[in-house]
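Thank you all for coming; I would like to take you through one chain this morning, beginning with its overall layout and then moving to its core and one of its helices.

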Amino acid sequence: MYKRQFQHSIIKNCVNLAKYPLTLPGDSAWNDTIDGIRQDLAREGCAILSSFILPEALVRLEAESSAMAINAYYRTEMVNAYNIDINTVLPRWHPGNLTMERGNAFVARDQIPSTAIIQQLYTNPLFQSFIADCFQLKRVHELADPFSGLVLNVIAPGKEHPWHFDTNEFTVSLLTQSPEAGGLFEYCPHAHPHSSGRALQRRQRCSQGLT
Ligand SMILES: [Fe+2]
């Protein structure tokens, strides 16, 4: 009983339950929300859950993230969207020839306090059930890797996390701090690293910022 209340308190204190009823799994409101997210995922391959975090929790989220950022691992590198050696010999037309500077830093999971909102959400059964249902999965599991299961991305002014293909089945990103300017998040629907033809050309145009 205590554990259940604790699970609920984290969610109630942080999540906009009027829009995302995480405490009511299987309820009609839950199903309606999940249906909408699934439709976005089916159409675009991406769903944006706007105003997911309550405004008061957002202030705490930002403060926690800023405090953690001092432990970030910084290493600027030249990369391509495929995260393969940039010296790999590729056909001239291949988008992998386009190199970009990766300037984002990381705070690994072992450096994120257990009390932090992102750590509590990541381990919360209600949040996990919600995420699993969005992706039509029975359940999701925490990554056993103590470092990369949960990562705080730190992008300093003027730096960027350039175009890349995620290699995992799906990704859940939470914006912890609004930028003062810029901060554009770009996503290219239906682009697959092994596809060809129009999708490949489209990906190349995206890499070059041509949409
Ligand atoms: Fe990614």
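Before the first figure I need one definition, namely that two residues count as in contact if their C-beta atoms, placed from the backbone, lie within 7 Å. With that in hand, and bearing in mind that this is a predicted model, residues 24 or more positions apart account for 67% of the contacts in the chain with a separation of 6 or more.

As for the layout, the chain holds 6 helices and 4 strands, and from the N terminus on these elements run α-α-α-β-β-β-α-α-β-α. Of the 211 residues in the chain, buried ones make up 15%.

Let me turn to the interior, where the largest nonpolar core has 19 residues, and where those with the most contacts inside it are Cys 14, Val 15, Leu 22, Ile 112, Ile 117 and Ile 118. The elements that contribute two or more residues to this core are α1, spanning 2-14, α4, spanning 117-123, α5, and β4, spanning 152-154.

Which residues does Leu 22 touch, if we leave out those up to four places away in sequence? They are Ile 11, Val 15, Leu 17, Leu 126, Phe 127 and Phe 130.

Two of those partners, Phe 127 and Phe 130, bring us to helix α5, residues 125-134, whose buried residues are Phe 127, Phe 130, Asp 133 and Cys 134. Seen down the axis of α5, these buried residues fall within an arc of 130 degrees, and therefore they line one face of the helix. After α5 comes Gln 136, which has a positive phi, near 60 degrees.

Key. Residues are numbered from 1 along each chain as its sequence is written. This is a predicted model: local features need pLDDT of at least 70, side-chain atom pairs count only at pLDDT 80 or more; totals for chains, interfaces and linings use all residues. A residue is buried if 20 or more other C-beta atoms lie within 10 Å of its own, exposed if 12 or fewer, and partly exposed in between; C-beta atoms are placed from the backbone. The arc is that of the directions from the helix axis to the C-beta atoms. A nonpolar core is a set of buried Ala, Val, Leu, Ile, Met, Phe, Trp, Tyr and Cys residues joined through C-beta atoms within 7 Å.
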